[in-house]
Amino acid sequence: SFNLAEPIPSLPDGAQSQLITCRPLSGTSFTENSIIEVDLGNRGWVDPQSIAIRYKAAVVVPAGGSAMAGCPVYTPFQRVSTLVGGASIDSINQYSQVAQVLVCGNYDVSAKYGLQSCFGYISSADMALLDGRTSAASATDTYFLSAPLLGTLLTSCEKQLPLFAMPQIRFQFTMDSLANMFNATGTVVLPTSYTINNFELTYTMTDLGAGVEKMVYEAGRSLLL
């Protein structure tokens, strides 16, 4: 930890901000009960609230159609864990339910309508309920999703994190079972498969230069949360 109490009076020459995209270490295609592991870089500073996920989903739907529960972009994830230097500092079980509560508590109706494509809502019936996603029978429903990574310890920080001075940060996303992702009532059944491809974790990295990094190292290791 570092003493970041004193703000920088002005941005140094050569300061730059970049969107960083990180891809999984554990594969390229993920199905139920898979684990997606993503490492952050070790350069510059990360804006915690800029950390987000995006991916392509493909649902193979049998006759009768299927209905995904909750907020579709978060529904596939049963657990999200944060590791720093190989040690777990945060693990959220039932993550899809936690994220659904955060979405309902932080996004009003107009915000959900505005983000319906990113969050995965699709039909008028789904949006009327502001919940879930239905897929047509006997088809493959393929769509792209993106959303901020809500609720984790690091993404809830108020100050930027010095990646250059921290141990390796890794996020682990454990996918849920089909039975927990989808509702199965009446003629609506579980899909044949649900697959995530092109998974990416993105964040805004700010590079303030070697001078600022040296200042942080020399500031000592007093804790400020």
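**Note on strand S14 and the four-stranded sheet**

1. In strand S14, the bridge partner of Ala57 is Ile196. Ala57 belongs to the pairing of strand S5 (residues 52-61) with S14, which is antiparallel and covers eight bridges. The model is a predicted one, and the points below should be read as statements about that model.

2. S14 spans residues 193-207. Strand S1 (residues 16-22) is joined to S14 by seven bridges, and the two run antiparallel. Within the range of S1, Ser17 stands opposite Thr206 of S14.

3. Two short pairings also involve S14. Strand S2 (residues 29-30) pairs with S14 over two bridges in the antiparallel sense; here Phe30 has Ile196 as its bridge partner in S14. Strand S4 (residues 45-46) likewise pairs with S14 over two bridges, again antiparallel, and Trp45 has Thr206 as its bridge partner. Ile196 is thus named as the partner of Phe30 and of Ala57, while Thr206 is set against Ser17 and Trp45.

4. How many of the 15 residues of S14 are buried? The count is 11, and the strand is mostly covered. Two of its residues, Tyr203 and Asp207, are taken up next.

5. Tyr203 lies in S14 and has a relative accessibility of 1%; because this is under the 20% cut-off, Tyr203 counts as buried. Leaving out neighbours within four places in sequence, its contacts are Gln18, Leu19, Ile20, Cys22, Leu40, Gly41, Val46, Ser50, Ile51 and Leu163. The C-alpha atom of Tyr203 is separated by 6.8 Å from that of Thr21, a residue 182 places away along the chain.

6. Which backbone atom does the side chain of Tyr203 reach at 3.1 Å? The atom is the backbone nitrogen of Gly41. Gly41 is also listed among the residues in contact with Tyr203.

7. Asp207 is placed in S14 too. Its relative accessible area is 14%, so Asp207 falls under the 20% limit and is buried. Not counting residues up to four places away in sequence, Asp207 touches Gly14, Ala15, Gln16, Arg43, Gly44 and Glu213. With one of these, Arg43, there is a polar contact between side chains at 3.1 Å.

8. A separate topic is the open sheet of four strands, which has the order S3-S12-S7-S8 and antiparallel pairing. Strand S3 (35-39) and strand S8 (87-93) are at the edges; each has a single partner strand, so one side of each lacks a neighbour in the sheet. From one strand to the next, the twist averages 15 degrees.

9. Within this sheet, strand S7 (residues 77-84) is joined to S8 by six bridges, with the two strands running antiparallel. Thr82 stands opposite Asp90 in S8. Helix H1 (residues 95-106) packs on the sheet and touches both S7 and S8. The direction of H1 makes about 95 degrees with that of S7.

10. For inspection in a viewer, the specific atom-level items are the side-chain contact of Asp207 with Arg43 at 3.1 Å and the approach of the Tyr203 side chain to the backbone nitrogen of Gly41, at 3.1 Å. For the sheet, the items are the edge positions of S3 and S8 and the packing of H1 on the sheet.

Conventions:
Residues are numbered from 1 along each chain as its sequence is written. This is a predicted model: local features need pLDDT of at least 70, side-chain atom pairs count only at pLDDT 80 or more; totals for chains, interfaces and linings use all residues. Side-chain values use heavy atoms; hydrogens and water are left out. Two strands pair if DSSP finds at least two bridges between them. Axes are lines fitted to C-alpha atoms, for helices over the stretch in contact, and angles run from 0 to 180 degrees between N-to-C directions. Contact means heavy atoms within 4.5 Å. Buried means under 20% relative accessible area, exposed over 50%, partly exposed in between (1.4 Å probe, protein chains only). A polar contact is a pair of N or O atoms within 3.5 Å; within protein, one must be able to donate a hydrogen and the other to accept it, and residues adjacent in sequence count only if both atoms are side-chain atoms.
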